[in-house]
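Student: I'd like to learn how to read the features of a protein model. Could you walk me through one?
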Amino acid sequence: MKLTLTEQFYVNYSRDDTNTLATDLWNKIQREFHCCGVSGGLKSSWSWWLYQKSKWFEQQKGPDEFKNYVPESCCDVTLANLTECQRLQDSGGPVFIPAQRQPSMVTDPNPALYHKGCYDAVRESITENSAVIAAVILVTILITVICIALAACVCMEIRYDNYVV
């Protein structure tokens, strides 16, 4: 996960199908699970801060204060505008992540930025829905066993009556 995020995310997006797929998948997961980066939380170097170590961040032009520190898919745009979520904040305003360049310096979380890592968010979602997942698996197994039993009955009936198929 770390490698695809740092090496493939929005790198040669329109020219490399593998990178396009990786980018689209990251964006979809981050939007659906309200997460950003790989793992960890607010002060983790593997969550939202990992984007600052990616090729996507490096290929942005201009000084750091005009770069996007996280992609749009890491932001809840219903709470704030993208600039407040993606870019460094000036020292005159409130200090939000990703305002700091190091996750250990984070003091106040930006409510518009998803700071939980996606691995953790997906794992948590699976854990929360484990009963539903187990029920679906059991019903599928039960239906399969019933179908096999019915097929065996049909075969026995054909054999018993000496039908030629």
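Tutor: Gladly! Let's begin with a term we will need: helices here are DSSP runs of H or I with at least four residues, numbered from the N terminus. Keep in mind that this is a predicted model.

Student: Then let's use that term. How are arginine 123 and aspartate 120 placed in helix H5?

Tutor: They are three residues apart in helix H5, so about one helical turn separates them. The two form a salt bridge, with the closest N and O atoms 3.9 Å apart. That pair sits just inside the cut-off, as a salt bridge needs a Lys or Arg side-chain nitrogen within 4 Å of an Asp or Glu carboxyl oxygen. Arginine 123 is partly exposed, at 46% relative accessible area.

Student: How many salt bridges does this rule give?

Tutor: The count is four. Another of them joins glutamate 32 and lysine 28, at 2.7 Å from N to O. These two are four residues apart in helix H2 (residues 17-33), which again means a separation of about one helical turn. Lysine 28 has a relative accessible area of 47%, so it is partly exposed.

Student: Which residue does glutamate 124 pair with?

Tutor: Its partner is lysine 116, and their closest N and O atoms are 3.0 Å apart. Glutamate 124 is partly exposed at 37% relative accessibility, and lysine 116 is partly exposed at 32%.

Student: Now the interior. What should I look for?

Tutor: In soluble globular proteins, nonpolar side chains tend to be buried together. Here, the largest nonpolar core has 24 residues, and those with the most contacts inside it are Trp26, Cys36, Trp48, Tyr51 and Val70. Helix H3 (55-58) and helix H5 (118-128) are the elements that give two or more residues to this core.

Student: What does valine 70 contact, leaving aside its neighbours within four places in sequence?

Tutor: Its contacts include Cys36, Trp48 and Tyr51, along with Trp56, Cys75 and Leu113.

Student: And where is there a nonpolar patch on the surface?

Tutor: Ile126, Ile133, Ile137, Leu138, Ile141 and Val145 make a patch of about 560 Å². Helix H6 (residues 130-160) gives the most to it, with five residues. Isoleucine 126, in contrast, is found in helix H5, and it is partly exposed at 48% relative accessible area.

Student: Which residues does UniProt list as a "transmembrane region"?

Tutor: The unreviewed UniProt entry lists residues 131-155 under that name. In the model, this span is 100% helix and 0% strand, and its end C-alpha atoms lie 36 Å apart.

Notes
Residues are numbered from 1 along each chain as its sequence is written. This is a predicted model: local features need pLDDT of at least 70, side-chain atom pairs count only at pLDDT 80 or more; totals for chains, interfaces and linings use all residues. Side-chain values use heavy atoms; hydrogens and water are left out. A nonpolar core is a set of buried Ala, Val, Leu, Ile, Met, Phe, Trp, Tyr and Cys residues joined through side-chain atoms within 4.5 Å. Buried means under 20% relative accessible area, exposed over 50%, partly exposed in between (1.4 Å probe, protein chains only). Contact means heavy atoms within 4.5 Å. UniProt positions are given in the numbering used here, feature names are shortened, and annotations may be inferred rather than shown by experiment. Patches are made of residues with over 30% relative accessible area and no salt bridge: like charges are joined within 9 Å, nonpolar side chains (Val, Leu, Ile, Met, Phe, Trp, Tyr) within 5 Å. Accessible areas come from the Shrake-Rupley method with a 1.4 Å probe; for residues, only the protein chains shown count as cover.
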